[in-house]
Amino acid sequence: MTIINCTLPFGIIRDINNYSKIINEILKFDITFNILKFSTGSNGVNLLLDVPEDKIRTITESLKKNNVIVNKKGRVIVLDNCIDCGACISLCPTEALYFNGDYKLEFSYEKCIGCLLCVDSCPRYAIEEM
Amino acid sequence: MTKSYSEINEKIKNGSAVVVTAEEMVKIVEERGTKVAAEDIDVVTTGTFGPMCSSGAFLNFGHSDPPIKFEHLWLNDVHAYHGNAAVDCYIGCTRMADIRSFEYGGGHVIEDLVSGKPIRLKGNSYTTDCYPLAEVDTTFTINEINQAILLNPRNAYQRYVCAVNSSDKTLYTYMGKLLPKYGNAHFAGAGALSPLSNDPDYETIGIGTRIFLGGGIGYVIGEGTQHSPKSRFGTLFVKGDLKQMTPEYLRGVSYEKYGTSLFVGLGIAIPILNEGLAKKTAISDAELITDVVDYGVPRRDRPKPKQVSYKEMKSGYIELNGKSVKCSPMSSFYHAKKIAETLKNWIKEGKFFLNPPAETLPTDTVFKPMKITSELKFVKDLKKKAETCFDDCDIKLVAEKIIKNNVNHIVIIDRDNILKGIVTSFDITKAIAEDKKDLNEIITKRVITTSDNDPLDVAARKMKTNEISALPVINEQRKVVGIITSEELM
């Protein structure tokens with residue numbers, strides 16, 4: 001499970017119904033996830049979601065469709081069009097991007113600090129911020 | 001001990017050929033010695049998969065009705081070269097699309113074509129009596145056109161350099177994103193798996209050599225452009241039928257702020273004809289050495305601070321100026337290995353045979369630099385005297401100097417003539433508007449500078465990328481020796 005930090009801005013969330021609508025849309029995908037933290041701040045409702053790693057994309061897309069701000073200074077994910085060249089590895093200060101024994105590229109979400117230095121180093125647009 | 005091509009091919013035919021990859025050969029020779037290895041091993045396979053900017057494809061579309069003779073044509077908005085017969089063209093991988101340039105280019109067109117995707121063809125013509133059609137706008141797939149021939153004038157560099165950046169800003173180059181102050185290092189080439197490094201004297205690789213190209217069968221058709229055998233930077237000119245190839249081994253790529261290219265998968269099988277070849281194909285990453293090159297210096301002859309082995313580069317870090325610098329490849333070892341394995345299996349299954357080259361590659365050509373007949377101009381040729389003020393002077397004095405000398409930039413220095421900052425006429429206007437009295441509040445202290453020996457184009461690019469109109473010229477002690485402004489460059 002991995003953690004997504006997101007903000008539901010006040011302009012979008014006026015009451016419990018708006019909130020439920022957004023959350024229900026994620027539930028439609030039949031994904032089990034935990035809400036670790038629920039807080040209100042000056043900008044809106046802040047949520048810390050604990051979601052399955054392989055469903056990050058689905059959830060992020062669903063949230064973004066509803067104008068939810070998903071952790072802008074976020075971590076990165078490596079998409080399928082990666083060709084294992086490794087041009088991103090030298091940019092990563094925390095060894096979150098690395099080769100396994102077969103020289104296939106691996107990404108460790110736990111080690112990533114979201115500096116985003118790697119994003120524009122990828123010649124395949126295979127790295128996306130979340 | 002010697003073996004002939006026909007002996008090896010006979011073994012391939014009856015399934016008894018012993019084939020290993022160049023990586024496996026290193027260990028075999030280590031354990032058995034070259035003499036035994038030469039007897040035991042028949043073929044060593046190699047592979048490489050990296051960005052090869054000198055790649056492209058010839059396509060022939062067949063004739064339209066009424067017929068057209070293209071003057072200009074575009075494939076998915078990428079301009080293709082037309083200077084041949086009516087409906088031939090060459091699509092080069094680094095040509096970028098007219099729209100979405102830097103994101104999509106000729107390399108992507110080739111990947112899409114090989115993937116079987118429809119490609120939009122738009123073209124126009126000045127029309128002739130025999131070719132009256134003025135415009136074409138259609139789509140096609142690879143199976144609907146006549147020939148689709150990958151034709152790459154320079155592939156499979158024997159080895160390549162290791163790029164670093166000594167400058168104080170991030171550089172976006174064909175060697176990827178290079179962080180300032182030697183922040184990282186990038187290298188290319190497949191090391192011990194590199195085809196030409198395993199046959200460095202080109203005994204078996206030459207015109208007509210059958211190879212793995214883009215997942216299909218291709219041929220070496222000669223030395224590549226910039227072939228530089230003496231410095232161990234040999235290259236190959238290759239061709240192959242795109243219709244046999246797969247997108248897994250032909251990938252369009254885009255390097256940020258540099259442009260597009262094509263990853264090409266290429267593998268060569270080397271017959272072990274003699275003991276010498278057994279020895280050569282056993283070359284290891286530790287024995288393959290290349291230069292570290294400083295791309296922070298925007299000149300042809302860049303500084304080369306040291307040499308490193310592929311073993312060190314592949315370890316993930318190189319040692320430079322007493323520090324450990326993170327180092328990663330631009331080409332994929334995973335795919336290079338897969339290519340060598342695939343070629344090995346083709347031979348084992350009796351699907352791929354070896355042939356002697358019709359002619360071997362030259363071993364004595366030299367890679368010459370471009371001769372420039374017009375005189376190269378430097379900053380020192382066009383700089384002018386900098387109008388300066390001390391860093392503790394009054395804003396009013398700065399304003400007076402701007403008016404008196406009819407300039408827009410005043411360079412701020414200390415008593416030793418060391419650069420402290422720059423003030424523009426706009427900064428003065430802003431100071432008045434915001435009622436600022438202290439010069440230090442309006443000085444730009446992080447100044448982009450140039451030096452006497454920078455070529456003018458380098459200075460011009462500094463102004464363009466930083467959106468500024470002047471550069472103080474400084475010497476090695478950071479003393480101000482002049483100024484160059486966009487007015488001089490116009």
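Me: Buried residues make up what percentage of the 490 residues in chain B?
Reply: This is a predicted model, in which local features need pLDDT of at least 70 and side-chain atom pairs count only at pLDDT 80 or more, while totals for chains, interfaces and linings use all residues. Residues are numbered from 1 along each chain as its sequence is written, and chains are lettered from A and ligands numbered from 1 in the order in which they are written. A residue is called buried if 20 or more other C-beta atoms, placed from the backbone, lie within 10 Å of its own, exposed if 12 or fewer do, and partly exposed in between. Of the 490 residues in chain B, the buried share is 44%.

Me: How many helices and strands does chain B have?
Reply: The C-alpha trace of chain B spans about 95 × 70 × 40 Å along its principal axes. Helices (H or I, at least four residues) and strands (E, at least two) are DSSP runs, numbered from the N terminus. Counted in this way, chain B has 12 helices and 31 strands.

Me: Which residues of helix α8 of chain B are buried, and why are they on the same side?
Reply: Helix α8 of chain B covers residues 395-405, and its buried residues are B:Ile395, B:Val398 and B:Ile402. They cover an arc of only 60° around the axis, taken from the directions from the helix axis to the C-beta atoms, and therefore lie on the same side of α8(B). An α-helix has 3.6 residues a turn, so residues three or four places apart point the same way. The buried residues asked for are thus B:Ile395, B:Val398 and B:Ile402.

Me: Which residues are exposed on the other side of α8(B)?
Reply: The buried residues of α8(B) pack against β27, β28, β29, α9 and α10 of chain B, where contact requires C-beta atoms, placed from the backbone, to lie within 7 Å. Just after the helix, B:Asn406 takes a positive phi of about 55°. On the other side of α8(B), the exposed residues are B:Lys396, B:Glu400, B:Ile403 and B:Lys404.

Me: Which strands are the edge strands of the open sheet β27-β28-β29 of chain B?
Reply: This open sheet has 3 strands in the order β27-β28-β29, with mixed pairing, and two strands count as paired if DSSP finds at least two bridges between them. Within the sheet, β28(B) and β29(B) pair in the antiparallel sense over 5 bridges, and B:Ile412 has B:Gly421 in β29(B) as its bridge partner. The strands that each pair on one side only, and so form the edges by the pairing rule, are β27 and β29 of chain B.

Me: How many of the 9 residues of strand β20 of chain B are buried?
Reply: Strand β20(B), residues 259-267, pairs in the antiparallel sense with β3(B) over 4 bridges and with β19(B) over 6 bridges. Strand β16(B) also runs antiparallel to β20(B), joined by 2 bridges. B:Leu266 in β20(B) stands opposite B:Thr48 and is the bridge partner of B:Leu213. The strand is mostly covered, and the number of its 9 residues that are buried is 8.

Me: Which residue takes a positive phi in the hairpin of β19(B) and β20(B)?
Reply: The two strands of this hairpin are antiparallel, and B:Leu250 stands opposite B:Val264 in β20(B). The hairpin has 3 residues between the strands, and the residue with a positive phi, near 60°, is B:Lys257.

How values were computed: Two residues are in contact if their C-beta atoms, placed from the backbone, lie within 7 Å.
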